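Visitor: I'd like a close look at the aromatic side of this one, please. Start with the clusters and work outwards.

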Amino acid sequence: MPRISRRTAELGTENAFVVLAEVNELVRAGKDIISFCIGQPDFATPVNVQDAAVRAVREGRHGYTPSAGIAELREAAARYMGSMRGLAIRPEEVVVGAGAKPFIAYTILSVTDYGCGDEVIYPNPGFPIYESQILAAGAGPGALPLKEARNFAFDPADLESRITGRTKLLILNSPQNPTGGVLSRKDLEDIAAILRRHPEVWVYADEIYSRLVYEGAFASIASLPGMYERTIISDGASKTWAMTGWRIGFASNPVLAPQFVRWVTNTDSCASQISQWATVEAIEGPQDDAEAMRRSFLERRDLIVGLLNQVPGVACKTPGGAFYAWPNVTEACRMTGAADSEEFRKRLLNEAGVAVLADIHFGARVAGEGQHIRFSYAASRQAIEAGVARMAEFIRANTRRVA
């Protein structure tokens, strides 16, 4: 039997979908599960966006588009990203993809060479596809630990100590998955000051949650002097307008845009034309639904953080953005006899019917930071209240048994 490549055999995954498969199996077996494991809005795509897609279908817009995307969407995305960041972005600097995720791979492939010792620094804990794609591209992964004491930002001095002559790319994610942490403008200024001493390092700014910041204004490193030319801005439709399944992302950089176009041609050919027209409407149409979703997420954030901090053995910082809570469950693990957060997660799922993700699903556990789990609070108020109540009861019941 022919063998698969080592690259494929060792390719990582997004564990939210692995846990979702576990959840679905339990549901099929009749188990009552409250799930907080998938990071996608639980709202319908706005009706005006749906209507734009129907119009595109009726008007026969079914075929291929240029690999870079339709001109109307590139123009709209350039205005949208530029206005949020105070930049004059030209449409030709924007490339449309089948979601924002492909641009992670396109960027790494565009700035590193396989097996040459090139390195990429990325946040840990972080979106697991960063590390997966770094390894698949044959580059060296450099995990940059996020610290709970810094509201899940990293120490800029720690960043500088990790940059070497082999470092080609720094990945930033703000607001962040899985912690909900937000890099402040001061954080970004400190990072930019370091990077100016290392002009050979590119920056991938994953800003897919840019419209979901709850305190202060969103800030992008691309907005700082001299940084846009070396920063790949990655944004998209999924989180802001509840369009995860429509698969539209867009990235901008004046140097790498033509390279991204070639990668799109080599992989997807182009993003769905129907979805592209829908996204033009999402960007240029009324923003009432997007703002209503943001307000709802803020209310849910405050609800879940307040409830989690009442649970025995749990301490949860207030996330500044996205729709994730990242509670510290170190004491809860001790109280229930769970060896670590992954055992705690599994028992919470199987014994209490609550599905979450563990910190190890987002990279190697950071030394000295304890045990964490991730809740996606893109769930109803009722689900949040019931799920946290089940977790609290699970801890109380099992603490009595091990006492």
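Visitor: Which residues do ring pairs link into a cluster?

Guide: The cluster is made of Phe43, Tyr209, Phe297, Phe323 and Tyr324, joined by ring pairs. Before going further: this is a predicted model, where local features need pLDDT of at least 70, side-chain atom pairs count only at pLDDT 80 or more, and totals for chains, interfaces and linings use all residues. Residues are numbered from 1 along each chain, and side-chain values use heavy atoms, without hydrogens or water.

Across the whole structure, the search turns up 14 aromatic pairs (Phe, Tyr or the six-membered Trp ring, centres within 6.5 Å; planes under 30 degrees apart are stacked, over 60 edge-to-face, the rest tilted). Phenylalanine 127 and tyrosine 130 have ring centres 5.6 Å apart and planes at 80°, so they pair edge-to-face. Phenylalanine 127 comes out at 12% relative accessible area, which makes it buried (under 20%; over 50% is exposed, in between partly exposed, with a 1.4 Å probe on protein chains only). Tyrosine 130 is buried too, at 0%.

A charge gets in on the ring business as well: arginine 61 sits over the face of tryptophan 277, 3.9 Å from the ring centre (the cut-offs are NZ of Lys or CZ of Arg within 6 Å of the centre and within 35 degrees of the ring normal).

Back to the cluster for a moment: Tyr324 is one of its members, and strand 9 covers 324-325 (strands are DSSP E runs of at least two residues, numbered from the N terminus). Strand 9 belongs to an open, antiparallel sheet of three strands, ordered 9-12-11 (pairing takes at least two DSSP bridges). Strand 9 and strand 11 (357-358) are the edges, each pairing on one side only. Two bridges tie strand 11 to strand 12, residues 373-376, and leucine 357 has arginine 374 as its bridge partner there.

Now the empty space. There are six cavities of 30 Å³ or more (on a 1 Å grid, a 1.4 Å probe fits but cannot get out; lining residues have an atom within 4 Å of a point). The largest holds about 100 Å³ (space filled by probe spheres set on the points, which are joined across faces, edges and corners). It is lined by 13 residues, with Pro125, Trp326, Val366, Glu369 and His372 closest to the centre.

How values were computed:
On a 1 Å grid over the protein atoms alone, a cavity is a set of points where a 1.4 Å probe fits but cannot get out, and a pocket is an open set with protein on both sides within 12 Å along at least five of seven lines; lining residues have an atom within 4 Å of a point. Helices (H or I, at least four residues) and strands (E, at least two) are DSSP runs, numbered from the N terminus.
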